[in-house]
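Please open the structure in a viewer and keep the selection tool at hand. The tour below proceeds by selections, each followed by an account of what is found there.

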Amino acid sequence: MMEFVRKQLAEFSLEAHDLYLNQSVPYLDGPPDPLQFHRDWVAPNKPCIIRNAINHWPALSRWTPEYLREKVGSKVISVAVTPNGYADAINGDRFVMPEERQMSFSSVLDIIEGKAEGGGVFYVQKQCSNLLQELPELTADVEEHVPWMSTALGKLPDAVNFWLGEAKAITSMHKDHYENVYCVISGEKHFILLPPTDRPFIPYGVYQPAVYHQQEDGKFEVINQADSEKVPWIPLDPLNPDLEHYPQYRQARPLHCSVKAGEMLFLPSLWFHHVRQSHGCIAVNFWYDMEYDIKYNYFQLLEALCEVPRST
(Lines give C-alpha, C1' and ligand atoms only; values in the text may rest on other atoms or scores of the structure.)
Protein backbone atom coordinates (compact mmCIF):
# COMPACT_ATOMS: atom_id res chain seq x y z
CA MET A 1 0.00 0.00 0.00
CA MET A 2 2.74 2.48 0.94
CA GLU A 3 4.64 1.72 -2.24
CA PHE A 4 1.48 2.45 -4.21
CA VAL A 5 1.12 5.84 -2.43
CA ARG A 6 4.75 6.71 -3.19
CA LYS A 7 4.28 5.84 -6.86
CA GLN A 8 1.09 7.89 -7.16
CA LEU A 9 2.72 10.92 -5.50
CA ALA A 10 5.62 10.78 -7.95
CA GLU A 11 3.25 10.50 -10.91
CA PHE A 12 1.17 13.38 -9.52
CA SER A 13 4.23 15.65 -9.54
CA LEU A 14 5.43 14.61 -12.97
CA GLU A 15 1.95 15.13 -14.42
CA ALA A 16 1.90 18.72 -13.11
CA HIS A 17 5.16 19.42 -14.96
CA ASP A 18 3.76 17.87 -18.13
CA LEU A 19 0.41 19.66 -17.98
CA TYR A 20 1.06 23.26 -17.01
CA LEU A 21 4.39 24.07 -15.32
CA ASN A 22 7.08 25.93 -17.27
CA GLN A 23 10.65 24.64 -17.61
CA SER A 24 11.98 28.13 -16.85
CA VAL A 25 10.56 31.30 -15.32
CA PRO A 26 8.96 33.41 -18.09
CA TYR A 27 9.32 37.19 -18.48
CA LEU A 28 6.60 39.78 -18.95
CA ASP A 29 7.67 43.07 -20.52
CA GLY A 30 5.49 45.46 -18.56
CA PRO A 31 2.87 45.79 -15.82
CA PRO A 32 0.06 43.41 -16.78
CA ASP A 33 -3.68 43.85 -16.91
CA PRO A 34 -4.96 42.72 -13.47
CA LEU A 35 -7.57 40.29 -14.78
CA GLN A 36 -5.16 38.81 -17.31
CA PHE A 37 -2.49 38.42 -14.63
CA HIS A 38 -4.89 36.61 -12.33
CA ARG A 39 -5.94 34.27 -15.14
CA ASP A 40 -2.43 33.55 -16.42
CA TRP A 41 -0.35 33.45 -13.22
CA VAL A 42 -2.23 33.66 -9.90
CA ALA A 43 -4.99 31.12 -10.60
CA PRO A 44 -2.63 28.51 -12.12
CA ASN A 45 -0.06 29.26 -9.38
CA LYS A 46 2.91 29.91 -11.71
CA PRO A 47 5.84 32.31 -11.21
CA CYS A 48 7.01 34.98 -13.64
CA ILE A 49 9.44 37.90 -13.76
CA ILE A 50 8.01 41.28 -14.72
CA ARG A 51 10.18 43.95 -16.31
CA ASN A 52 9.46 47.69 -16.60
CA ALA A 53 6.85 47.59 -13.83
CA ILE A 54 8.67 49.72 -11.25
CA ASN A 55 10.60 52.09 -13.54
CA HIS A 56 8.64 54.99 -12.01
CA TRP A 57 9.91 54.29 -8.49
CA PRO A 58 12.39 57.00 -7.37
CA ALA A 59 14.15 54.34 -5.28
CA LEU A 60 15.79 52.85 -8.38
CA SER A 61 17.96 55.95 -8.79
CA ARG A 62 17.87 57.41 -5.29
CA TRP A 63 18.78 54.52 -3.01
CA THR A 64 22.55 54.94 -2.97
CA PRO A 65 24.48 54.46 0.28
CA GLU A 66 24.90 58.25 0.49
CA TYR A 67 21.17 58.92 0.13
CA LEU A 68 20.23 56.18 2.62
CA ARG A 69 22.71 57.52 5.18
CA GLU A 70 21.24 60.97 4.86
CA LYS A 71 17.62 59.84 4.90
CA VAL A 72 17.60 57.04 7.50
CA GLY A 73 21.21 56.68 8.71
CA SER A 74 20.33 57.38 12.34
CA LYS A 75 17.28 55.12 12.38
CA VAL A 76 17.60 52.01 14.57
CA ILE A 77 16.47 48.86 12.74
CA SER A 78 16.33 45.11 13.38
CA VAL A 79 19.23 43.17 11.83
CA ALA A 80 19.67 39.39 11.63
CA VAL A 81 23.21 38.34 12.59
CA THR A 82 24.62 34.84 12.03
CA PRO A 83 28.10 33.28 11.88
CA ASN A 84 27.61 31.79 8.39
CA GLY A 85 24.82 33.70 6.64
CA TYR A 86 22.17 31.05 7.27
CA ALA A 87 19.31 32.51 9.30
CA ASP A 88 16.30 30.30 10.04
CA ALA A 89 18.08 27.16 8.87
CA ILE A 90 19.08 23.68 10.02
CA ASN A 91 22.41 23.37 11.82
CA GLY A 92 23.03 19.79 12.90
CA ASP A 93 19.95 18.67 14.81
CA ARG A 94 18.58 22.16 15.47
CA PHE A 95 16.60 24.85 13.67
CA VAL A 96 18.69 27.91 14.39
CA MET A 97 17.38 31.46 14.13
CA PRO A 98 19.57 34.56 13.88
CA GLU A 99 20.50 36.90 16.67
CA GLU A 100 18.17 39.87 16.25
CA ARG A 101 20.25 42.97 16.87
CA GLN A 102 19.16 46.60 17.02
CA MET A 103 21.57 48.72 14.96
CA SER A 104 21.60 52.09 13.26
CA PHE A 105 21.14 51.93 9.50
CA SER A 106 24.50 53.66 9.02
CA SER A 107 26.31 50.98 11.02
CA VAL A 108 24.82 48.29 8.76
CA LEU A 109 25.99 50.21 5.69
CA ASP A 110 29.47 50.50 7.25
CA ILE A 111 29.68 46.70 7.45
CA ILE A 112 28.35 46.14 3.94
CA GLU A 113 30.72 48.74 2.48
CA GLY A 114 33.69 47.23 4.33
CA LYS A 115 34.23 50.28 6.53
CA ALA A 116 33.66 48.23 9.69
CA GLU A 117 34.05 44.60 10.72
CA GLY A 118 31.05 42.94 12.30
CA GLY A 119 32.43 39.45 12.96
CA GLY A 120 29.37 37.78 11.44
CA VAL A 121 27.01 38.02 8.47
CA PHE A 122 24.45 40.83 8.61
CA TYR A 123 21.06 40.88 6.89
CA VAL A 124 18.18 43.34 7.19
CA GLN A 125 15.33 40.84 6.77
CA LYS A 126 12.77 41.53 9.48
CA GLN A 127 9.55 40.29 7.92
CA CYS A 128 7.03 42.34 9.86
CA SER A 129 6.35 45.06 7.28
CA ASN A 130 9.66 46.58 8.36
CA LEU A 131 9.65 49.11 5.51
CA LEU A 132 6.47 50.70 6.84
CA GLN A 133 7.24 50.13 10.52
CA GLU A 134 10.97 50.87 10.78
CA LEU A 135 11.76 52.92 7.66
CA PRO A 136 8.63 54.93 6.81
CA GLU A 137 10.87 57.76 5.51
CA LEU A 138 11.62 55.58 2.46
CA THR A 139 8.06 54.70 1.47
CA ALA A 140 7.67 57.79 -0.74
CA ASP A 141 10.44 56.36 -2.95
CA VAL A 142 8.43 53.20 -3.71
CA GLU A 143 4.74 52.36 -3.32
CA GLU A 144 2.85 50.99 -0.34
CA HIS A 145 1.26 48.39 -2.60
CA VAL A 146 1.40 47.24 -6.23
CA PRO A 147 -1.80 48.71 -7.71
CA TRP A 148 -2.40 46.15 -10.48
CA MET A 149 -1.65 43.26 -8.09
CA SER A 150 -3.97 44.67 -5.43
CA THR A 151 -6.69 44.88 -8.09
CA ALA A 152 -5.98 41.35 -9.34
CA LEU A 153 -6.25 39.92 -5.82
CA GLY A 154 -8.92 42.27 -4.46
CA LYS A 155 -6.88 43.12 -1.38
CA LEU A 156 -3.94 45.13 -0.09
CA PRO A 157 -0.69 43.49 1.06
CA ASP A 158 -0.37 42.20 4.62
CA ALA A 159 3.26 43.35 4.76
CA VAL A 160 5.82 45.40 2.87
CA ASN A 161 9.37 44.29 3.68
CA PHE A 162 12.79 45.88 3.11
CA TRP A 163 15.83 43.65 2.44
CA LEU A 164 19.52 44.62 2.54
CA GLY A 165 22.40 42.25 3.12
CA GLU A 166 25.76 40.74 2.40
CA ALA A 167 26.41 38.20 -0.35
CA LYS A 168 26.93 35.51 2.30
CA ALA A 169 23.39 35.97 3.62
CA ILE A 170 21.29 33.06 2.35
CA THR A 171 17.62 32.21 2.85
CA SER A 172 17.20 28.46 3.27
CA MET A 173 14.56 26.51 1.37
CA HIS A 174 11.03 27.14 2.65
CA LYS A 175 7.52 28.10 1.53
CA ASP A 176 5.14 30.91 2.51
CA HIS A 177 1.37 31.28 2.59
CA TYR A 178 1.58 34.49 0.58
CA GLU A 179 1.36 35.69 -3.00
CA ASN A 180 4.78 37.36 -3.06
CA VAL A 181 5.76 40.27 -5.31
CA TYR A 182 9.53 40.64 -4.92
CA CYS A 183 11.08 43.83 -6.36
CA VAL A 184 14.84 44.30 -6.67
CA ILE A 185 16.04 47.89 -6.31
CA SER A 186 19.79 47.36 -6.73
CA GLY A 187 22.01 44.33 -7.29
CA GLU A 188 20.34 41.01 -8.01
CA LYS A 189 18.70 38.08 -6.27
CA HIS A 190 19.17 34.44 -7.23
CA PHE A 191 16.21 32.13 -6.63
CA ILE A 192 15.85 28.36 -6.69
CA LEU A 193 12.14 27.57 -7.01
CA LEU A 194 10.20 24.34 -6.66
CA PRO A 195 6.44 24.05 -7.21
CA PRO A 196 4.13 22.80 -4.45
CA THR A 197 3.56 19.67 -6.54
CA ASP A 198 7.23 18.73 -6.00
CA ARG A 199 6.51 18.33 -2.27
CA PRO A 200 6.85 14.50 -2.50
CA PHE A 201 10.56 14.95 -3.29
CA ILE A 202 11.35 17.59 -0.65
CA PRO A 203 12.46 16.19 2.72
CA TYR A 204 11.23 17.57 6.02
CA GLY A 205 12.33 16.99 9.58
CA VAL A 206 11.26 18.29 13.00
CA TYR A 207 13.91 20.22 14.93
CA GLN A 208 14.60 21.76 18.30
CA PRO A 209 14.54 25.57 17.87
CA ALA A 210 17.58 27.55 18.91
CA VAL A 211 19.07 31.00 18.38
CA TYR A 212 22.55 32.32 17.64
CA HIS A 213 24.22 34.65 20.13
CA GLN A 214 27.52 36.42 19.50
CA GLN A 215 29.73 36.39 22.59
CA GLU A 216 32.14 39.12 23.67
CA ASP A 217 35.08 37.32 22.01
CA GLY A 218 33.20 37.43 18.69
CA LYS A 219 32.40 33.73 18.58
CA PHE A 220 28.83 32.54 18.20
CA GLU A 221 27.07 30.13 20.53
CA VAL A 222 23.81 28.32 19.85
CA ILE A 223 21.24 28.67 22.63
CA ASN A 224 18.40 26.15 22.73
CA GLN A 225 14.86 27.43 23.14
CA ALA A 226 13.90 24.58 25.38
CA ASP A 227 10.34 25.75 26.05
CA SER A 228 9.47 26.17 22.37
CA GLU A 229 7.72 23.59 20.22
CA LYS A 230 9.78 21.73 17.65
CA VAL A 231 9.87 23.26 14.15
CA PRO A 232 9.22 21.38 10.88
CA TRP A 233 11.84 22.48 8.33
CA ILE A 234 13.67 21.36 5.20
CA PRO A 235 17.18 20.02 5.97
CA LEU A 236 18.26 19.83 2.33
CA ASP A 237 20.53 22.47 0.78
CA PRO A 238 19.59 22.74 -2.92
CA LEU A 239 23.03 24.22 -3.68
CA ASN A 240 24.62 20.97 -2.54
CA PRO A 241 21.89 18.35 -2.05
CA ASP A 242 22.83 15.28 -0.06
CA LEU A 243 21.33 12.72 -2.42
CA GLU A 244 22.58 9.81 -0.35
CA HIS A 245 20.36 10.90 2.55
CA TYR A 246 17.57 12.34 0.39
CA PRO A 247 17.49 10.26 -2.82
CA GLN A 248 13.91 11.33 -3.60
CA TYR A 249 15.19 14.85 -4.37
CA ARG A 250 16.68 13.48 -7.62
CA GLN A 251 13.14 13.60 -9.03
CA ALA A 252 12.60 17.28 -8.16
CA ARG A 253 12.78 19.80 -10.98
CA PRO A 254 14.03 23.09 -9.54
CA LEU A 255 13.83 26.30 -11.54
CA HIS A 256 16.72 28.77 -11.32
CA CYS A 257 16.25 32.46 -11.98
CA SER A 258 17.95 35.77 -11.29
CA VAL A 259 15.98 38.93 -10.64
CA LYS A 260 17.90 42.07 -11.53
CA ALA A 261 17.50 45.71 -10.49
CA GLY A 262 14.22 47.10 -11.80
CA GLU A 263 12.62 43.66 -12.14
CA MET A 264 10.01 41.96 -9.96
CA LEU A 265 9.37 38.28 -9.35
CA PHE A 266 5.87 37.01 -8.81
CA LEU A 267 6.43 34.10 -6.42
CA PRO A 268 3.13 32.25 -5.94
CA SER A 269 1.94 30.98 -2.61
CA LEU A 270 3.25 27.61 -1.39
CA TRP A 271 6.19 27.56 -3.83
CA PHE A 272 9.41 26.41 -2.19
CA HIS A 273 12.25 28.89 -2.58
CA HIS A 274 15.91 29.35 -1.69
CA VAL A 275 17.45 32.81 -2.10
CA ARG A 276 20.94 34.24 -2.56
CA GLN A 277 21.98 37.76 -3.53
CA SER A 278 24.75 39.98 -4.76
CA HIS A 279 26.62 41.91 -2.07
CA GLY A 280 24.65 44.92 -0.84
CA CYS A 281 21.54 44.00 -2.81
CA ILE A 282 18.45 46.02 -1.86
CA ALA A 283 14.92 44.73 -2.39
CA VAL A 284 11.34 45.42 -1.36
CA ASN A 285 8.65 42.75 -1.32
CA PHE A 286 4.90 42.74 -0.91
CA TRP A 287 3.15 39.87 0.84
CA TYR A 288 -0.48 39.37 -0.14
CA ASP A 289 -2.28 36.75 1.93
CA MET A 290 -3.21 33.71 -0.13
CA GLU A 291 -6.78 32.51 -0.51
CA TYR A 292 -7.40 29.53 1.77
CA ASP A 293 -9.47 27.78 -0.84
CA ILE A 294 -9.44 24.34 -2.47
CA LYS A 295 -5.82 24.85 -3.61
CA TYR A 296 -4.71 25.15 0.02
CA ASN A 297 -6.99 22.28 0.99
CA TYR A 298 -5.43 19.99 -1.62
CA PHE A 299 -1.92 21.01 -0.61
CA GLN A 300 -2.67 20.09 3.01
CA LEU A 301 -3.76 16.66 1.78
CA LEU A 302 -0.55 16.36 -0.26
CA GLU A 303 1.52 17.27 2.83
CA ALA A 304 -0.20 14.59 4.87
CA LEU A 305 0.27 11.93 2.17
CA CYS A 306 3.98 12.81 1.86
CA GLU A 307 4.42 11.99 5.54
CA VAL A 308 2.79 8.56 5.30
CA PRO A 309 5.73 6.63 3.75
CA ARG A 310 8.22 7.91 6.34
CA SER A 311 6.00 7.15 9.32
CA THR A 312 5.49 3.45 8.55
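Begin with strand β9 and display its side chains: Ala-159, Asn-161, Trp-163 and Gly-165 point one way, Val-160, Phe-162 and Leu-164 point the other way, and all of them are buried. The model is a predicted one. In a regular strand the side chains alternate between the two faces of the sheet. With seven of its seven residues buried, β9 is mostly covered.

**The neighbours of β9**

Next, add strand β8 (121-124). β8 and β9 run antiparallel and are joined by two bridges. To see one of the pairs, select Tyr-123, whose bridge partner in β9 is Gly-165.

Then add strand β19, residues 282-289. How many bridges join β9 to β19? There are six, and these two strands also run antiparallel. Select Leu-164 together with Ile-282, its bridge partner in β19.

**The nine-stranded sheet**

Now widen the selection to the whole sheet around β9. Nine strands form this open sheet, in the order β1-β2-β17-β11-β19-β9-β8-β3-β7, and the pairing is mixed. Which strands stand at the edges? They are β1 (27-28) and β7 (99-104); each has a single partner strand, so one side of each is left without a neighbour in the sheet.

At the β1 edge, select strand β2, residues 48-50, which pairs with β1 in the parallel sense over two bridges. Within this pair, Tyr-27 has Ile-49 of β2 as its bridge partner.

For a helix that packs on the sheet, select α5, residues 105-112. This helix touches β3 (76-82), β7, β8 and β9, and its direction makes about 105° with that of β7.

**Arg-69 and its contacts**

Select Arg-69, which lies in helix α4, residues 65-72. Is this residue buried, partly exposed or exposed? Its relative accessibility is 23%, so Arg-69 counts as partly exposed. Once neighbours within four places in sequence are set aside, Arg-69 is in contact with Ser-106, Leu-109, Asp-110, Glu-113 and Lys-115. For a distance across the model, pick the C-alpha atoms of Arg-69 and Gly-119: these residues are 50 apart in sequence and 22 Å apart in space.

**The five-stranded sheet**

Move on to another open sheet, this one of five strands, in the order β4-β10-β18-β12-β16 and with mixed pairing. Its edge strands are β4 (86-87) and β16 (255-260), each of which pairs on one side only. Select β12, residues 188-194, beside β16: six bridges join the two strands, which run antiparallel. Ile-192 stands opposite His-256 of β16.

**The largest pocket**

Rolling a probe the size of a water molecule over the atoms shows where empty space is left. The largest pocket has a volume of about 370 Å³. To find it, select Phe-12, Thr-197, Tyr-298, Phe-299 and Leu-302, which are the closest to its centre of the 16 residues in its lining. Two elements, α1 (2-19) and α8 (294-307), each give two or more residues to this lining. Which of them gives the largest share? That is α8, with six residues. By class, twelve of the lining residues are nonpolar, three are polar and one is charged.

**The enclosed cavities**

The tour ends with the cavities; two have a volume of 30 Å³ or more.

- **Largest cavity.** Its volume is about 50 Å³. Select Ala-80, Thr-82, Gly-85, Ala-87, Val-121, Tyr-123, Gln-125, Ala-169, Ile-170 and Thr-171, which line this cavity. Strands β3, β8 and β10 (170-174) each supply at least two residues of the lining. Six of the lining residues are nonpolar and four are polar, with no charged residues. Tyr-123 thus appears a second time on the tour: this residue lines the cavity and is also the bridge partner of Gly-165 in β9.
- **Second largest cavity.** About 30 Å³ of space lies here. Select Lys-175, Asp-176, Tyr-178, Asn-180, Leu-267, Pro-268, Ser-269, Leu-270, Trp-271 and His-273 to show its lining. These residues divide into five nonpolar, three polar and two charged.

Conventions
Residues numbered from 1 in each chain as written. Predicted model: local features only at pLDDT ≥ 70, side-chain atom pairs only at ≥ 80, totals over all residues. Heavy atoms only, no water. 1 Å grid on protein atoms, 1.4 Å probe; cavity = no way out; pocket = protein on both sides within 12 Å on 5 of 7 lines; lining within 4 Å. Points joined across faces, edges and corners; volume = space filled by probe spheres on them. Helix = DSSP H or I, 4+ residues; strand = E, 2+ residues; numbered from the N terminus. Nonpolar A, V, L, I, M, F, W, Y, C, P; charged D, E, K, R; others polar. Pairing = 2+ DSSP bridges. Contact = heavy atoms within 4.5 Å. Axes fitted to C-alpha atoms, helices over the stretch in contact; angles between N-to-C directions. Buried < 20%, exposed > 50% of the residue type's maximum accessible area, 1.4 Å probe, protein only.
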